[in-house]
Amino acid sequence: MRLALIERPYSIQPTKERGRLMTRAAREERKSRVIEVLNKARAMELHAIGQYMNQHYGLDDMDFGELAAQMKLIAIDEMRHAEKFAERVKELGGEPVTLAASAVETGQEMEVIFAFDTELEDDGIAAYNEFRTECEDCGDSVSVKLFDDIINDEQAHFNYFDSVDAHIKKLGAAYLAQKAGTSSATGLNTQGFVARRSGGAPV
Ligand code: FE
Ligand code: FE
């Protein structure tokens with residue numbers, strides 16, 4: 001009986017081995033397809049970070065503190081997204097891209113900023129849904145979950161930008177007057193390398 005058990009795998013090995021090799025090649029192919037969409041998404045995040053931080057400085061300079069603060073917080077969300085995509089790319093054996101998908105538009109006027117960002121988030125949601133489908137086709141449930149979580153965040157960004165844009169269009173100066181001179185504080189006490197080394201004292 002024991003002998004039969006040992007011999008059996010040998011008798012079916014050629015077929016099994018062929019199947020296993022094909023599966024491995026197919027699996028590698030699927031991984032590279034997932035890495036490609038993760039990197040496309042990462043490049044879009046890198047663009048969003050630059051774009052929103054640029055708008056943050058602009059809004060702060062125009063003294064619309066509250067709008068500047070929200071913009072900074074959204075940029076930080078995008079930094080987290082870029083990092084999460086990179087971590088998953090590394091997990092799959094790929095190399096995270098370092099270049100943004102598009103150039104940052106600078107010097108935008110108030111009337112442009114929130115309409116522009118609403119469209120950016122809308123485009124992002126549409127693209128990420130396509131990328132999610134690609135991950136699903138490739139059988140990568142971890143990357144599907146990552147896209148699900150990030151699409152939820154992008155929807156929250158879209159809702160915020162869309163509502164501010166609508167207020168600016170409908171209420172104009174009356175709305176902006178409420179935002180002028182407000183604080184740009186985010187309430188964050190993030191510690192960088194230097195602050196952490198000097199015992200966590202706020203800088
Ligand atoms: Fe994002
Ligand atoms: Fe976003």
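This is a short walk through the helix packing and the nonpolar core of a predicted model.

I'll start with the chain as a whole. There are 6 helices and 0 strands, and along the sequence the pattern reads α-α-α-α-α-α. The chain has 203 residues, and 27% of them are buried. On contacts: if you take the pairs at least 6 apart in sequence, 76% of those join residues at least 24 apart.

Now the helix pairs. Two packed helices are described by the angle between their axes and the distance between the axes, and I'll give both numbers for each pair.

The pair H3 and H4 comes up now. H3 covers residues 110-137 and H4 covers residues 141-171. Their packing angle is about 160°, and the axes are 8 Å apart. The cut-off for roughly antiparallel is over 145 degrees, so H3 and H4 count as roughly antiparallel to each other. The crossing of H3 past H4 is left-handed. As for what makes up that contact, its residues split into 15 nonpolar, 6 polar and 10 charged.

Next, H2 against H4. Here the angle is about 165° and the axes are 11 Å apart. H2 and H4 are therefore roughly antiparallel as well. H2 also passes H4 in a left-handed crossing.

Which residues of H2 meet H4? On the H2 side they are Leu67, Gln70, Ile74, Asp77, His81, Lys84 and Arg88. On the H4 side you'll find Ser143, Leu146, Ile150, Asp153, His157, Tyr160 and Val164. By class, the residues of this contact are 6 nonpolar, 4 polar and 4 charged.

That brings me to the core. The largest nonpolar core holds 33 residues, and Leu38 and Ala41 have the most contacts inside it. Which elements give two or more residues to this core? They are H1, residues 2-61, H2, residues 65-91, and then H3 and H4. H1 gives the most, with 11 residues.

If you want one residue to centre the view on, take Ala41, one of the two with the most contacts inside the core. What does alanine 41 touch once its neighbours within four places in sequence are left aside? The contacts are Phe85, Tyr128 and Phe131. By residue number, Phe85 belongs to H2, which spans 65-91, while Tyr128 and Phe131 fall in H3, at 110-137.

To recap, H4 is roughly antiparallel to H3 and also to H2, and H1 is the helix that gives the most to the largest nonpolar core.

Conventions:
Residues numbered from 1 in each chain as written. Chains lettered and ligands numbered in written order. Predicted model: local features only at pLDDT ≥ 70, side-chain atom pairs only at ≥ 80, totals over all residues. Axes fitted to C-alpha atoms, helices over the stretch in contact; angles between N-to-C directions. Helix = DSSP H or I, 4+ residues; strand = E, 2+ residues; numbered from the N terminus. Parallel < 35°, antiparallel > 145°, perpendicular 65-115°, else oblique. Left-handed = near helix turned anticlockwise from the far one by under 90°. Nonpolar A, V, L, I, M, F, W, Y, C, P; charged D, E, K, R; others polar. Core = buried A, V, L, I, M, F, W, Y, C linked by C-beta atoms within 7 Å. Buried ≥ 20, exposed ≤ 12 C-beta atoms within 10 Å, placed from the backbone. Contact = placed C-beta atoms within 7 Å.
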